[in-house]
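Visitor: Please give me a close look at the aromatic rings in this protein, and then at the parts you would visit from there.

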Amino acid sequence: MRDFTNDHSALALNTATLGHNLDGAGAGWSPERVIDACAERGYGGIVFWRREIGARAVAIGNRARAAGMQVAGLCRTPYLVGRETPAAVIDEARASIDMAADLGAPVLTIVTGGTEPGTLGLGESVKRLADRLATLAPYAAERGVSLALEPLNPMFGGNRTCLFTVADAHDVCHMVDAPNLGIAVDVYHVWWDRTLAEGLRQARGLILGYHLCDWLENTRHMLLDRGMMGDGVADLRAIRGAVEAAGYAGFCEVEVFSAEDWWKRDPSEVLDVIVERFRRSC
Ligand code: ZN
C-alpha cells in the first residue's frame, strides 16, 4: 500500500468539493483559478464537472497540464437508464465522451441512472444499461477514453442508480466485455459494504478511479452532507488497501459534496485542509 504521509502527488481534487457540480454552490472560482490553487499546493490531478467546462475543454485541459497537473477524469455522463427520453441518451453520452477526449481526461465517470420507466426492480434496467454501454464503449475507445461505472450507496436506488456495489458494477463489466469499461470506487458509496474487499478482489484490474471523502456519523442530507476525510466513520486506510490490492495505483480523488460546511468556506482553506487530511487520514 502506498505511503502518503509525506507525499501527496497522488492527490487529485474533484471540483465538486468546491461546489462546482451544482449551479450557485460554492465560491464560484473559475477553472483556471482552481487549477492554479491546486498546482501551488502540489496536487497531482484534477477532475472537472461538465457544467464548468462548456465549450472550453481543450483550453482548460492544456491549462491544467501547463500547470504541472493531469486532468484525472471528467464527471460525468448523463444517466444512461431511468429516463423518459431514451432516444437522447446515446447522443448526450457521446457528447460527454467527446468532452473528456478534448479535455485530455482518460476516464469518464458514469452514474447509471435508476429504474427504467415502465419497469420494476433492477433486472430490465441493468440489461438496457449493458446494451447502451456496448454502444458507447467502442466510441469512447476510439477517443482514448475509458468509462468508469460508479456504484452508489443503496439509498440512491430508484432515481440515480441501478448499481449498488462493486460486485454489481463488475457484473455489468462482464456483460459488456469492453476493454475500456471499468469501475470507480467512492468511499461514500461503499464504506458500509462488508463484502467490498472480496468484490474488489474479483474485480482486480478493473478499477479506474478511487474517490475520497468520509461518512459522517450523523449524516443530515443524503446527497450533500459528505464529510472531509478524518471527520467520519469510514475506514479509509482499509478501503484504500483493498482498492490497491485490486491493482489500482492511480489518483485518489477528493470528492466532498458539502452544502452546509465545506462549500461555505474559503476554497483556499478547503484545499489546504485536504492536503493535510490526505497525508494524515487516507
Ligand atoms: Zn464519486
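Guide: Happily! Rings of Phe, Tyr and Trp, with the six-membered ring used for Trp, are paired if their centres lie within 6.5 Å; planes under 30 degrees apart make a pair stacked, over 60 edge-to-face, and anything else tilted. Please keep in mind that what you see is a predicted model. Under that rule, there are four aromatic pairs.

Let us begin with Trp 49 and Phe 257, whose ring centres are 6.0 Å apart. Their planes make an angle of 65°, and the pair is therefore edge-to-face, since the cut-off is over 60 degrees. Trp 49 belongs to strand S2 (residues 45–49), while Phe 257 is in the loop between strand S8 (252–254) and helix H10 (267–281), so this pair ties together parts that lie 208 residues apart in sequence. Trp 49 and Phe 257 are both buried.

Another pair is Tyr 188 with Trp 215. Here the centres are 5.0 Å apart and the planes stand at 40°, so the pair is tilted. Tyr 188 is part of helix H7 (residues 187–190), and Trp 215 sits in the loop between strand S7 (207–212) and helix H9 (236–245), so parts 27 residues apart in sequence are tied together by this pair. Both Tyr 188 and Trp 215 are buried. Trp 191 comes into the picture too: with Tyr 188 and Trp 215, Trp 191 forms one aromatic cluster.

Charges also find their way to the rings. Phe 257, the partner of Trp 49, has the charged end of Arg 226 over its ring, 4.5 Å from the ring centre. On Tyr 139, the charged end of Arg 143 sits over the ring at 3.5 Å from the centre.

Tyr 139 is a handy way into the helices, as this residue of H5 is among those at the contact with H4. From H4, Val 89, Ile 90, Ala 93, Arg 94, Ile 97 and Asp 98 take part; from H5, Arg 132, Thr 135, Leu 136, Tyr 139 and Ala 140 do. The two helices pack with their axes 10 Å apart, at an angle of about 30°. That angle makes H4 roughly parallel to H5, and the crossing is right-handed.

H5 (residues 123–142) also meets helix H6 (residues 166–176): their axes come within 9 Å and cross at roughly 50°. That crossing makes H5 oblique to H6, and its hand is right-handed. On the H5 side the contact is formed by Val 126, Lys 127, Leu 129, Ala 130, Leu 133 and Ala 134, and on the H6 side by Val 172, Met 175 and Val 176.

Two of those H5 residues, Val 126 and Leu 129, also touch Cys 162. Cys 162 is in the loop between strand S5 (146–149) and H6, and is buried at a relative accessible area of 3%. Beyond its sequence neighbours within four places, the contacts of Cys 162 also include Val 81, Thr 112, Gly 113, Leu 122 and Ser 125. Gly 114 lies 48 residues away from Cys 162 in sequence, with 5.2 Å between their C-alpha atoms.

Just past H6, look at Asp 177, in the loop between H6 and strand S6 (181–186). Its phi is near 55°, a positive value in a residue other than glycine. Asp 177 counts as exposed, at 65% relative accessibility.

The loop that holds Asp 177 leads to S6, where you will find Ala 184. With 1% relative accessibility, Ala 184 counts as buried. Its contacts beyond four places in sequence are Ala 148, Leu 149, Glu 150, Pro 151, Gly 209 and His 211. For Gly 209, which is 25 residues from Ala 184 along the chain, the C-alpha separation is 4.5 Å.

One last stop for your backbone notes: the peptide bond from Cys 75 to Arg 76 is cis, with omega near -15°. Arg 76 lies in the loop between strand S3 (70–75) and helix H4 (89–103).

How values were computed:
Residues are numbered from 1 along each chain as its sequence is written. This is a predicted model: local features need pLDDT of at least 70, side-chain atom pairs count only at pLDDT 80 or more; totals for chains, interfaces and linings use all residues. Side-chain values use heavy atoms; hydrogens and water are left out. Helices (H or I, at least four residues) and strands (E, at least two) are DSSP runs, numbered from the N terminus. Buried means under 20% relative accessible area, exposed over 50%, partly exposed in between (1.4 Å probe, protein chains only). A charge sits over a ring if NZ of Lys or CZ of Arg is within 6 Å of the ring centre and within 35 degrees of the ring normal. Axes are lines fitted to C-alpha atoms, for helices over the stretch in contact, and angles run from 0 to 180 degrees between N-to-C directions. Angles under 35 degrees count as roughly parallel, over 145 as roughly antiparallel, 65 to 115 as roughly perpendicular and the rest as oblique. A crossing is left-handed if the near helix is turned anticlockwise from the far one by less than a right angle, and right-handed if clockwise. Contact means heavy atoms within 4.5 Å.
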